[in-house]
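Dear colleague,

I am passing on the structure we talked about, and below it you will find a short account of what came out of the analysis. Please read the two side by side.

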Amino acid sequence: MLTLILLSAGYALMGAGIGAGIVAIGAGLGIGRIGGQAMESIARQPEAAGKIQGAMLIIAALIEVVSLFAAVICLLIALNIAEIA
(Lines give C-alpha, C1' and ligand atoms only; values in the text may rest on other atoms or scores of the structure.)
Protein backbone atom coordinates (compact mmCIF):
# COMPACT_ATOMS: atom_id res chain seq x y z
CA MET A 1 0.00 0.00 0.00
CA LEU A 2 2.77 2.44 0.92
CA THR A 3 4.64 1.57 -2.26
CA LEU A 4 1.55 2.38 -4.31
CA ILE A 5 1.15 5.77 -2.60
CA LEU A 6 4.80 6.66 -3.12
CA LEU A 7 4.67 5.50 -6.72
CA SER A 8 1.60 7.61 -7.48
CA ALA A 9 3.21 10.60 -5.73
CA GLY A 10 6.31 10.13 -7.89
CA TYR A 11 4.19 10.04 -11.03
CA ALA A 12 2.41 13.21 -9.93
CA LEU A 13 5.71 15.00 -9.34
CA MET A 14 7.02 13.83 -12.69
CA GLY A 15 3.83 15.02 -14.38
CA ALA A 16 4.09 18.42 -12.71
CA GLY A 17 7.69 18.77 -13.86
CA ILE A 18 6.87 17.76 -17.42
CA GLY A 19 3.90 20.13 -17.40
CA ALA A 20 6.07 23.04 -16.28
CA GLY A 21 8.57 22.23 -19.03
CA ILE A 22 5.87 22.13 -21.69
CA VAL A 23 4.54 25.46 -20.45
CA ALA A 24 7.98 27.07 -20.75
CA ILE A 25 8.53 25.66 -24.24
CA GLY A 26 5.08 26.76 -25.39
CA ALA A 27 5.51 30.29 -24.06
CA GLY A 28 8.92 30.61 -25.68
CA LEU A 29 7.64 29.41 -29.03
CA GLY A 30 4.60 31.67 -28.85
CA ILE A 31 6.51 34.81 -27.98
CA GLY A 32 9.18 34.02 -30.57
CA ARG A 33 6.55 33.61 -33.24
CA ILE A 34 4.83 36.86 -32.24
CA GLY A 35 8.13 38.73 -32.36
CA GLY A 36 9.07 37.31 -35.74
CA GLN A 37 5.72 38.04 -37.30
CA ALA A 38 5.70 41.55 -35.84
CA MET A 39 9.12 42.30 -37.30
CA GLU A 40 7.98 40.95 -40.66
CA SER A 41 4.86 43.14 -40.52
CA ILE A 42 6.88 46.23 -39.59
CA ALA A 43 9.24 45.53 -42.49
CA ARG A 44 6.27 45.40 -44.87
CA GLN A 45 4.49 48.46 -43.46
CA PRO A 46 6.87 50.71 -41.53
CA GLU A 47 4.18 53.36 -41.04
CA ALA A 48 2.16 50.93 -38.87
CA ALA A 49 5.08 50.12 -36.57
CA GLY A 50 3.53 51.76 -33.50
CA LYS A 51 0.26 49.85 -33.73
CA ILE A 52 1.99 46.55 -34.46
CA GLN A 53 4.44 46.97 -31.60
CA GLY A 54 1.68 47.84 -29.14
CA ALA A 55 -0.41 44.83 -30.14
CA MET A 56 2.68 42.60 -29.98
CA LEU A 57 3.47 43.69 -26.43
CA ILE A 58 -0.10 43.14 -25.25
CA ILE A 59 -0.25 39.65 -26.75
CA ALA A 60 3.19 38.76 -25.36
CA ALA A 61 2.06 39.90 -21.90
CA LEU A 62 -1.05 37.73 -22.15
CA ILE A 63 1.05 34.71 -23.13
CA GLU A 64 3.36 35.36 -20.17
CA VAL A 65 0.40 35.57 -17.78
CA VAL A 66 -1.07 32.29 -19.02
CA SER A 67 2.31 30.54 -18.82
CA LEU A 68 2.94 31.91 -15.32
CA PHE A 69 -0.49 30.68 -14.22
CA ALA A 70 0.19 27.21 -15.62
CA ALA A 71 3.63 27.09 -13.99
CA VAL A 72 2.10 28.07 -10.63
CA ILE A 73 -0.48 25.31 -10.98
CA CYS A 74 2.30 22.80 -11.69
CA LEU A 75 4.21 24.07 -8.66
CA LEU A 76 1.13 23.78 -6.44
CA ILE A 77 0.58 20.21 -7.62
CA ALA A 78 4.19 19.33 -6.88
CA LEU A 79 4.16 20.91 -3.42
CA ASN A 80 0.81 19.37 -2.51
CA ILE A 81 1.97 15.89 -3.54
CA ALA A 82 5.25 16.37 -1.67
CA GLU A 83 3.28 17.06 1.53
CA ILE A 84 1.10 13.99 1.06
CA ALA A 85 4.01 11.65 0.44
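**The salt bridge and its setting**

With a relative accessibility of 66%, R44 counts as exposed. Please keep in mind throughout that this is a predicted model. R44 forms a salt bridge with E40, and the closest N and O atoms of the pair are 3.0 Å apart; the count of salt bridges comes to one. The partner, E40, is partly exposed, its relative accessible area being 37%. Because R44 and E40 are four residues apart in helix α1, about one helical turn separates them.

**The nonpolar core**

Turning to the interior, the largest nonpolar core consists of five residues, namely I34, A38, A48, I52 and M56. Two helices, α1 (residues 2–44) and α2 (residues 49–84), each supply at least two residues of this core. M56 has contacts with I34, G35 and A38, when residues up to four places away in sequence are left out of the count. As general background, nonpolar side chains tend to be buried together in soluble globular proteins.

**The annotated span**

The UniProt record, an unreviewed entry, places the feature "domain: V-ATPase proteolipid subunit C-like" at residues 14–77. In the model, that span is 94% helix and 0% strand, and the C-alpha atoms at the two ends of residues 14–77 lie 10 Å apart.

With best wishes

Note on methods. Residues are numbered from 1 along each chain as its sequence is written. This is a predicted model: local features need pLDDT of at least 70, side-chain atom pairs count only at pLDDT 80 or more; totals for chains, interfaces and linings use all residues. Side-chain values use heavy atoms; hydrogens and water are left out. A nonpolar core is a set of buried Ala, Val, Leu, Ile, Met, Phe, Trp, Tyr and Cys residues joined through side-chain atoms within 4.5 Å. Buried means under 20% relative accessible area, exposed over 50%, partly exposed in between (1.4 Å probe, protein chains only). Contact means heavy atoms within 4.5 Å. A salt bridge is a side-chain nitrogen of Lys or Arg within 4 Å of a carboxyl oxygen of Asp or Glu. UniProt positions are given in the numbering used here, feature names are shortened, and annotations may be inferred rather than shown by experiment.
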